[in-house]
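Colleague: I would like a close look at one part of this model. Please start with the whole chain and then zoom in.

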Amino acid sequence: GAADRFNANEVVPAQVMESAVRVRDGALNQYLRGEVSVNQNDEESVDITFNRQLLGWHYGWKSSKHTCDALHCFRVSIFQQEPYLED
């Protein structure tokens, strides 16, 4: 699978990332793909939304009336897809 952490400017093969993105047949995969949209208040900024479909979190979080207001913290990595380069 993909590594837990990446270094700035590190080149990661697309197939490594794609194999680790959570999908229906891979509900426990490590990464969530964010949905990018232009910020309505600042056109030079973007908003990134994760888990819009509220599918639950891959680490088994279960909410209850006692924990529903608990904050979550997670790491976000932003990747830029580069054109394919042959060796």
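How much accessible surface does the chain have, and what share of it belongs to carbon and sulfur atoms? After that, please look closely at phenylalanine 79, in the segment after strand 2.

Modeller: Keep in mind that this is a predicted model. The accessible surface of the chain comes to about 8,200 Å². Carbon and sulfur atoms hold 50% of that surface.

Now the layout. The chain has one helix and two strands. Read from the N terminus, the order is α-β-β. The chain has 87 residues, and 11% of them count as buried. Next, take the contacts with a separation of 6 or more. Residues 24 or more positions apart account for 36% of these.

Phenylalanine 79 takes part in contacts of that long-range kind. Phenylalanine 79 and methionine 17 are 62 residues apart in sequence. In space, their C-alpha atoms are 9.6 Å apart. Leave out residues up to four places away in sequence, and phenylalanine 79 touches Phe6, Val12 and Met17.

How covered is phenylalanine 79? Its relative accessibility is 39%. Buried means under 20% and exposed means over 50%, so phenylalanine 79 counts as partly exposed.

Now look at the rings. The count comes to two aromatic pairs. One of them is phenylalanine 6 with tyrosine 31. Their ring centres are 6.4 Å apart, and their planes meet at 40°. That pair is tilted. It links distant parts of the chain. Phenylalanine 6 sits in the segment before helix 1, and tyrosine 31 sits in the loop between helix 1 and strand 1. They are 25 residues apart. Tyrosine 31 has 16% relative accessibility, so it counts as buried.

Phenylalanine 79 comes in with the other pair. Its ring centre is 5.2 Å from that of phenylalanine 6, and the planes stand at 85°. Planes over 60 degrees apart count as edge-to-face, so this pair is edge-to-face. Here phenylalanine 6, before helix 1, meets phenylalanine 79, after strand 2, across 73 residues of sequence. Put the ring pairs together and Phe6, Tyr31 and Phe79 are linked into a cluster.

Now step away from the cluster. The segment before helix 1 also holds asparagine 9. Asparagine 9 has a positive phi of about 65°, although it is not a glycine. At a relative accessible area of 81%, asparagine 9 is exposed.

The loop that holds tyrosine 31 also holds one end of a salt bridge. Side chains of opposite charge can pair when their charged atoms come close. How many salt bridges are there in this chain? The count comes to one. Arginine 33 pairs with glutamate 18, and their closest N and O atoms are 2.9 Å apart. Arginine 33 is in the loop between helix 1 and strand 1, while glutamate 18 is in helix 1. The partners are 15 residues apart. Arginine 33 is exposed at 52%. Glutamate 18, at 48%, is partly exposed. The cut-off for exposed is over 50%, so the two residues get separate labels.

Move on to the strands. Strand 1 covers residues 35-38 and contains valine 36. At 58% relative accessibility, valine 36 counts as exposed. Valine 36 belongs to a nonpolar surface patch of about 570 Å². The other members of the patch are Val46, Ile48, Phe74, Val76 and Ile78.

Last stop: the loop between strand 1 and strand 2, where asparagine 39 lies. Is asparagine 39 buried or exposed? Its relative accessibility is 17%. The cut-off for buried is under 20%, so asparagine 39 counts as buried. Its side chain reaches the backbone nitrogen of aspartate 42 at 3.0 Å. Leaving out residues up to four places away in sequence, asparagine 39 touches Ser45, Val46 and Asp47. One of these, Val46, is also in the nonpolar patch.

Back to your residue, then. Phenylalanine 79 is partly exposed. It touches Phe6, Val12 and Met17, and it shares a ring cluster with Phe6 and Tyr31.

Key: Residues numbered from 1 in each chain as written. Predicted model: local features only at pLDDT ≥ 70, side-chain atom pairs only at ≥ 80, totals over all residues. Heavy atoms only, no water. Patch = residues over 30% accessible without salt bridge, like charges linked within 9 Å, V, L, I, M, F, W, Y side chains within 5 Å. Areas by Shrake-Rupley, 256 points an atom, 1.4 Å probe, with all protein chains shown as cover. Salt bridge = Lys/Arg side-chain N within 4 Å of Asp/Glu carboxyl O. Helix = DSSP H or I, 4+ residues; strand = E, 2+ residues; numbered from the N terminus. Buried < 20%, exposed > 50% of the residue type's maximum accessible area, 1.4 Å probe, protein only. Phe/Tyr/Trp six-rings, centres within 6.5 Å; stacked < 30°, edge-to-face > 60°. Contact = heavy atoms within 4.5 Å. Polar contact = N/O pair within 3.5 Å; in protein donor to acceptor, adjacent residues only side chain to side chain.
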